[in-house]
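Hi,

Here is the structure you were after. Have a look at it first, and my notes follow below.

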Amino acid sequence: MTSMLQKLEQGQAELAPRRAEAEADLLRFAVTDVLLFWSNQESLHKLQAELWQPVLDWVADKCGVPPKVTTGLDVPEQDPRLVQALQQSLAQMSLKKLSAMLAAALEMRSVLLAWALVERRISAEEAYQAAWLEEIWQAERWGADEAAEAKRQDYHRNLTEVETFLNMAA
């Protein structure tokens, strides 16, 4: 089995000819980011505020506008300045960073968490805890599902390898 680290090392060259497509995919994915959808359940909402709000505050500072969040199912319409700031950041990223961001975003269902990870605003551990907050919270209340736990551990390992890849000399 190929590790995430090996995939990232090989992926940079493969990403070069499809960079524009990858950037566009990340921008489309960003508007349905997991961090934009908050729970109505009080204890989960409190945890989301602890883990998610610092990332959202960082994004707001970086973009000059806060991301719009919801407790509903409708996708909140984002200020164009937020999308433009993300687009500019993606365009300026090295292939290494972009490759890591794409992999991390897919692992976490979150472009915003991946962005914070790639920019070293959060660690892989913090990214994992934030990305899988709802599942971890549910497992603590109703018991862990063995298959789901194994899958989360794979995600955790992959995010750690993304962080290792980012820390490797170019």
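Helices α3 and α6 are roughly perpendicular to each other, because their angle falls in the 65 to 115 degree range (under 35 would be roughly parallel, over 145 roughly antiparallel, and the rest oblique). The axes of α3 (residues 42-63) and α6 cross at roughly 75° and come within 10 Å. Axes here are lines fitted to C-alpha atoms, for helices over the stretch in contact, with angles running from 0 to 180 degrees between N-to-C directions. Helices are DSSP runs (H or I, at least four residues), numbered from the N terminus, as strands are (E, at least two).

On the α3 side, V55, L56, W58, V59, K62 and C63 meet L112, L113, W115 and A116 of α6, where contact means heavy atoms within 4.5 Å. By class that contact has nine nonpolar, no polar and one charged residues. Ala, Val, Leu, Ile, Met, Phe, Trp, Tyr, Cys and Pro count as nonpolar, Asp, Glu, Lys and Arg as charged, and the others, Gly among them, as polar.

Before I go on: this is a predicted model, with local features needing pLDDT of at least 70 and side-chain atom pairs pLDDT 80 or more, while totals for chains, interfaces and linings use all residues. Residues are numbered from 1 along each chain as its sequence is written, and side-chain values use heavy atoms, leaving out hydrogens and water.

α6 also packs on α5 (residues 95-108), at an angle of about 140° with the axes 8 Å apart. That makes α5 oblique to α6. Their crossing is right-handed, meaning that the near helix is turned clockwise from the far one by less than a right angle (anticlockwise would be left-handed). K97, A100, M101, A104, A105 and M108 of α5 meet V111, L113, A114, W115, L117 and V118 of α6. By class, this contact has 11 nonpolar, no polar and one charged residues.

What about α1 and α9: at what angle do they pack? Helix α1 (residues 4-15) packs against α9 (residues 146-167) at about 45°, with axes 8 Å apart, so the two are oblique. The α1 residues in this contact are M4, L5, L8, E9 and Q12, and those of α9 are N158, E161, V162, T164 and F165. The classes are five nonpolar, three polar and two charged.

Lastly, the search found one cavity of 30 Å³ or more, holding about 80 Å³ of space. A cavity is a set of points on a 1 Å grid over the protein atoms alone where a 1.4 Å probe fits but cannot get out, and lining residues have an atom within 4 Å of a point. The volume is the space filled by probe spheres set on the points, which are joined across faces, edges and corners. Its lining includes L112 and W115, and α4 gives the largest share, three residues.

Cheers

Conventions. On a 1 Å grid over the protein atoms alone, a cavity is a set of points where a 1.4 Å probe fits but cannot get out, and a pocket is an open set with protein on both sides within 12 Å along at least five of seven lines; lining residues have an atom within 4 Å of a point.
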